[in-house]
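Got your viewer open? Load the model below and follow along, one selection at a time.

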Amino acid sequence: MTATEEPSAGDGAPSQPLTIAQLAELAGVSTATVSKVVNGRSEVAPETRALIERLIREYGYRPQRRRASPAPLVELVFHALEGDYPVEIAKGVEQVVREHRLAVVLSELQHRHTPGKGWIEAVLSRRPTGVIAVFADLTKEQRDQLATRGVPLVLLDPSGDPGQQVPTVGASNWNGGLAATRHLLDLGHRRIAIITGPDYALSSRARLDGYRTALDMAGVPVDPVLIGRGDFVTEGGLAQAHRLLRLPDPPTAVFACNDGQALGVYRAAHQLGLRIPHDLSVVGFDDLPSTQWMTPPLTTIRQPLTEMAATATTMLLKLAQGEPLAQPRIELGTELIVRESTTNPSR
């Protein structure tokens, strides 16, 4: 049998997990090749790797010697290590791992949302108790490799939809978008702009949907020109705010879908000689610690990042101990925090 052929279990399917030698025989490859796949090594052809991973999922894998216990650490993966957001997440993880005498290893994906080649090899070599991926996702192959090695995975604030098989923790983004927009409507604003996050992010889409729903319920038509496509970074908020505030009929209020973009709106308003909130009301999303020190302090939607991280870590440790999860998908509530960046429109 060649490595590209599809072996069939047939009537004689093994009742016990297979050793590396048995997997190699079934796949028609060397034991060294199977060993590389088992240990997360990268130098295996994709077709061969997929075949071996499928056989491991189908039959199971029995180490020839007792598998070493996982290392006392949690792998925490961020798409980017910038600003207060990762700090608040790390605080929540630390609160839980400290009680269990575990350490934390940080990885940064440099604004990618899927780990690149070599990442899984490094993780498997560390043998962590589990992996928490923040605003990121893993490929199906990477998830399968963790699962077949008994390394649990939890996604925190996932950027996409991982399906029902992966435990996740998020926030009520739709309700947050609804609350932010309703607050501005209640103040009398009707020209309300929004600066979203990237289109691929579920949180961004949900906040935009909440914004649209609030306007619809108030009988205010959604003006497409007032929807700015952002990227969850300050520079994007600055660029979109300049475009919006230079419109012939500019908005009287802006809902920025994260606090970083709200900071960009503040900068644009200052550059254009506008006063917040007298000339422009601004609402953010996250309630990062620095927002209360902005001038003026920012009205924002509180996303409980620290609590979300603690919840994800607790779920991860339960999985590592072989305990089932009562709720594999958890969504924590958001809350409007009113400060000094919003008021009634002056026109």
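Here is a tour that begins with the whole chain and then moves to single spots.

**Stop 1: the whole chain**

Before you click on anything, keep in mind that this is a predicted model. Select the protein chain and show only the C-alpha atoms: they fill a box of roughly 80 × 45 × 35 Å, taken along the principal axes. Now switch to a cartoon view. How many helices and strands does the chain have? The secondary structure comes to 11 helices and 12 strands.

Try a surface view next. The protein chain exposes about 16300 Å², and carbon and sulfur atoms supply 50% of that. As for the inside, 52% of the 347 residues are buried. The chain also brings together residues from far along the sequence: among contacts between residues at least 6 apart, 73% join residues at least 24 apart.

**Stop 2: colour by confidence**

Colour the model by pLDDT. The mean for the protein chain is 89, and 93% of the residues reach 70 or more. Then select residues 1-12, where the pLDDT is below 50. Beyond near neighbours in sequence, this stretch has 18 contacts in the model. A word of caution: where pLDDT is low, the predicted coordinates should not be read in detail.

**Stop 3: two crossing helices**

Select residues 31-38, which are helix α2, and residues 46-59, which are helix α3. Are these two helices roughly parallel or roughly perpendicular to each other? Their axes come within 10 Å and cross at roughly 75°. An angle from 65 to 115 degrees counts as roughly perpendicular, so that is the word for α2 and α3.

Show side chains where the two helices meet. From α2, pick Thr33, Val34, Val37 and Val38; from α3, pick Thr48, Arg49, Ile52, Glu53 and Ile56. By class, this contact has 5 nonpolar, 2 polar and 2 charged residues.

**Stop 4: the loop after β6**

Move on to Thr196, in the loop between β6 (192-195) and α8 (202-217). Is Thr196 buried or exposed? Its relative accessibility is 1%, so Thr196 counts as buried. Show what surrounds it: leaving out residues up to four places away in sequence, Thr196 touches Ser204, Leu208, Ile227, Gly228, Arg229, Gly230, Asp231, Cys257 and Gln261. Try your distance tool on one of these, Leu208: it is 12 residues from Thr196 in sequence, and the C-alpha atoms are 6.7 Å apart.

Stay in the loop between β6 and α8 and select Tyr200. With a relative accessible area of 44%, Tyr200 is partly exposed. Apart from neighbours within four places in sequence, Tyr200 is in contact with His113, Ser159 and Gly160. Gly160 is 40 residues away along the chain, yet the C-alpha atoms of Tyr200 and Gly160 are separated by 6.6 Å.

**Stop 5: Asp259 in α10**

Select Asp259, which lies in helix α10. Asp259 is buried, with a relative accessible area of 4%. Which residues does Asp259 touch, not counting those up to four places away in sequence? They are Gly284, Phe285, Asp286, Asp287, Leu288, Thr291, Leu298 and Thr300. For a longer jump along the chain, look at Tyr85: Tyr85 and Asp259 are 174 residues apart, with their C-alpha atoms separated by 9.6 Å.

**Stop 6: backbone details**

Zoom in on the backbone for these last selections.

- Ile276 and Pro277: a cis peptide bond joins them, with omega about 10°. Pro277 sits in the loop between α10 (259-271) and β9 (281-286).
- Thr295 and Pro296: the peptide bond from Thr295 to Pro296 is cis too, with omega near -5°. Pro296 belongs to the loop between β9 and β10 (299-302).
- Asp287: you met this residue as one of the contacts of Asp259. It has a positive phi of about 60° although it is not a glycine, and its place is in the loop between β9 and β10.
- Phe232: here is another non-glycine with a positive phi, this time about 70°. Find Phe232 in the loop between β7 (227-228) and α9 (234-245). At 17% relative accessibility, Phe232 counts as buried.

Terms used
Residues numbered from 1 in each chain as written. Heavy atoms only, no water. Axes fitted to C-alpha atoms, helices over the stretch in contact; angles between N-to-C directions. Helix = DSSP H or I, 4+ residues; strand = E, 2+ residues; numbered from the N terminus. Parallel < 35°, antiparallel > 145°, perpendicular 65-115°, else oblique. Contact = heavy atoms within 4.5 Å. Nonpolar A, V, L, I, M, F, W, Y, C, P; charged D, E, K, R; others polar. pLDDT = per-residue confidence, 0-100. Buried < 20%, exposed > 50% of the residue type's maximum accessible area, 1.4 Å probe, protein only. Areas by Shrake-Rupley, 256 points an atom, 1.4 Å probe, with all protein chains shown as cover.
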